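Student: I would like a close look at a single part of this protein, the aromatic residues and the helix that carries some of them. Please take me through it in one connected account.

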Amino acid sequence: MSTTAAPLVRSFAPLFRADARVLVLGSMPGTASLAAAQYYAHPRNAFWPIMGALFGAGAELPYAQRLERLAAAGVALWDVIGRCERAGSLDSAIAPDSIEANDFAGLFAACPDIGHVFFNGTAAETAFRRHVRGRIALPPLHFTRLPSTSPAHAARGLEAKLAAWQVVKAAAHRAAAARIEIPAAQAA
């Protein structure tokens, strides 16, 4: 019986601007993403095709330009898990006792306008519930779990996933509209 621990993997730094209004959380980058040092780098992951349809941040653009388009739309990206032991890419391969959550208190302090958190799949939502929520003071937030964009979750096709992910665009636009209305109301 082998007692060799799975490799320790670390997530990326959060990608955001201080005026971010929505946050999209994954669980932990897969091996393709870690190797490329890019969020959602697996060629069959539906994330970038969906972001292309919603925000013009599709995979046909250079990575830096995709990130700029999301940031301009008020979308921040991160993962719930900061580091863990995991062999391979599957969330089910994460050693539960090895999970360390990212610094969400710091992120929400840096981005006080985030009002909605979207989970890219069940694993991200479960990790947030177990390792973040109840452990730190959170600002008032809305939480929504969306179907995973991972190619491992092929039960829904791209069109069905895109239809479910429309709420991200709607939340970003609502928050932007509310932000524009506040200064006008204060001026009256």
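Tutor: pLDDT is the predictor's confidence in each residue, on a scale from 0 to 100. This is a predicted model, with a mean pLDDT of 89 for the protein and 91% of residues at 70 or more. Residues 181-185 are an exception to keep in mind: their pLDDT is below 50, and apart from near neighbours in sequence the stretch makes 0 contacts in the model.

Now the aromatic residues. Searching the whole structure gives 12 aromatic pairs. One of them joins F47 and W165, whose ring centres are 6.0 Å apart. Their planes meet at 85°, and an angle over 60 degrees counts as edge-to-face, so this pair is edge-to-face. F47 belongs to helix α2 (residues 47-55) and W165 to helix α6 (residues 158-187), so the pair links distant parts of the chain, 118 residues apart. Both partners are buried: F47 has a relative accessible area of 0%, and W165 is also at 0%.

The pair is part of a wider group. F47 and W165 belong to one aromatic cluster together with F12, Y39, Y40, W48 and Y63. W48 has a further neighbour, because R66 lies over the face of its ring, at 4.8 Å from the ring centre.

F47 and W48 lead to the helix itself. In α2 the buried residues include these two, and I50, M51, L54 and F55 are buried as well. Around the axis these residues cover an arc of only 155°, and they therefore sit on the same side of α2. The spacing fits a general rule: an α-helix has 3.6 residues a turn, so residues three or four places apart point the same way. After α2 comes G56, which has a positive phi, near 70°.

A second aromatic pair, between strands, can be set beside the one between helices. F119 and F143 are stacked, with 5.9 Å from centre to centre and 10° between the planes. F119 is in strand β6 (residues 116-120) and F143 in strand β7 (residues 142-146), so this pair ties together parts 24 residues apart in sequence. The burial of the two partners is not alike: F119 is buried, at a relative accessible area of 2%, whereas F143 counts as partly exposed, at 24%.

Key: Residues are numbered from 1 along each chain as its sequence is written. This is a predicted model: local features need pLDDT of at least 70, side-chain atom pairs count only at pLDDT 80 or more; totals for chains, interfaces and linings use all residues. Side-chain values use heavy atoms; hydrogens and water are left out. Rings of Phe, Tyr and Trp (its six-membered ring) pair if their centres lie within 6.5 Å; planes under 30 degrees apart count as stacked, over 60 as edge-to-face and the rest as tilted. Helices (H or I, at least four residues) and strands (E, at least two) are DSSP runs, numbered from the N terminus. Buried means under 20% relative accessible area, exposed over 50%, partly exposed in between (1.4 Å probe, protein chains only). A charge sits over a ring if NZ of Lys or CZ of Arg is within 6 Å of the ring centre and within 35 degrees of the ring normal. The arc is that of the directions from the helix axis to the C-beta atoms. Contact means heavy atoms within 4.5 Å.
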